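Open the model in your viewer and keep the selection tool at hand. The stops below visit two pockets in turn.

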Amino acid sequence: MTQSHPRITKAVIPAAGLGTRFLPATKATPKEMLPVVDKPAIQYVVEEAAAAGLDDVLMVTGRNKRPLEDHFDRNYELESALEKKGDAERLAKVQESSDLATIHYVRQGDPRGLGHAVLCAADHVGREPFAVLLGDDLIDPRDPLLQRMIEVQETYGGSVVALMEVAPEQIHLYGCAAVEATADSDVVRVTGLVEKPDPAEAPSGYAVIGRYVLDPGVFDILRTTEPGRGGEIQLTDALQQLALDESVGGPVHGVVFKGRRYDTGDRGDYLRAIVRLACEREDLGPDFRAWLRRYAAEEM
């Protein structure tokens, strides 16, 4: 039976990471600002939140992240120059990022893991359920994962994680969920979570990907969560407690995602994401696909 739960309006985007896998490009440029075709990766994430009706966005940032704030702010000099040139198309693109949502910022002074980054949002979020979107995972707007997760949270309460089935040899790269079936084909009950397990010990093939809808009770757990894998405060450890003890803020459910996801956290997948998105663009796709075919034929 459908239950009544508070409407979700807030999204949290952790963006304090150092981007060490992309050095030296990220020495002075935040990894979230690396372009995916012609938009920085972080803009795709904010667009996804806004499309799901989450117009109050908090970015958890760190040192050297000022370009994030500049990107989502107005640039009056540039806008004026484009307006004088009569370049309405580029002007609209420049203004688009500053009109997406109301964006707030908080610093994570000490990078102590994803769980700690989420905890930095506690004062802003208050006692409302909220979404967390990781910038390394870009979800195709044609596959509205976040909207579905919000629907599931509004129905079941508690927290909801996004799950994707991955090959056994890849499960050690993710948090992994132990699950039970529900009446909904794309929804499972999460009974346990483990961070980056050995494939032989993984409870399932379901990996946790970078979308969460969380009950505010997670903050109470994170305040007392000890550093786990990698010496960091893991969000997975807090969700494990929520799954085991519903009185704290459970239950935990998972939405099994089978749509299009672009992983930009790895250099190879980042390049593949750019190629896939460029191929699908109406303005770039035809010429780019033709070039790719010629290039592949020459290389083969």
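**Second largest pocket**

Start with H1, which contributes six residues to the lining of the second largest pocket, the most of any element. The model is a predicted one, and H1 spans 41–51. The space in this second largest pocket comes to about 850 Å³. To centre the view there, select Lys39, Gln43, Tyr44, Glu47 and Glu96, the closest to the pocket centre among the 35 residues that line it.

Next, add the other elements that each supply at least two lining residues: strand E3 (39–40), helix H2 (66–71), helix H4 (88–96), strand E7 (137–139), helix H7 (145–156) and H11. Then colour the lining of the second largest pocket by class: it has 15 nonpolar, five polar and 15 charged residues.

**Largest pocket**

Now move to the largest pocket, which holds about 1,600 Å³ of space. Select Arg21, Lys31, Leu134, Asp136 and Lys196; of the 50 residues lining the largest pocket, these are the closest to its centre.

Which element supplies the largest share of this lining? Select E11, with four residues; this strand covers 206–214. Helix H5 (114–119), helix H9 (235–244), strand E13 (261–263) and helix H11 (267–280) are among the elements that each give at least two residues to the lining of the largest pocket.

Keep H1 selected as well: H1 supplies at least two residues to the lining of the largest pocket and six to that of the second largest. H11 likewise supplies at least two residues to the largest pocket and at least two to the second largest.

Finally, colour the largest pocket by class: its lining has 21 nonpolar, 14 polar and 15 charged residues.

Methods
Residues are numbered from 1 along each chain as its sequence is written. This is a predicted model: local features need pLDDT of at least 70, side-chain atom pairs count only at pLDDT 80 or more; totals for chains, interfaces and linings use all residues. Side-chain values use heavy atoms; hydrogens and water are left out. On a 1 Å grid over the protein atoms alone, a cavity is a set of points where a 1.4 Å probe fits but cannot get out, and a pocket is an open set with protein on both sides within 12 Å along at least five of seven lines; lining residues have an atom within 4 Å of a point. Grid points are joined across faces, edges and corners, and a volume is the space filled by probe spheres set on the points. Ala, Val, Leu, Ile, Met, Phe, Trp, Tyr, Cys and Pro count as nonpolar, Asp, Glu, Lys and Arg as charged, and the others, Gly among them, as polar.
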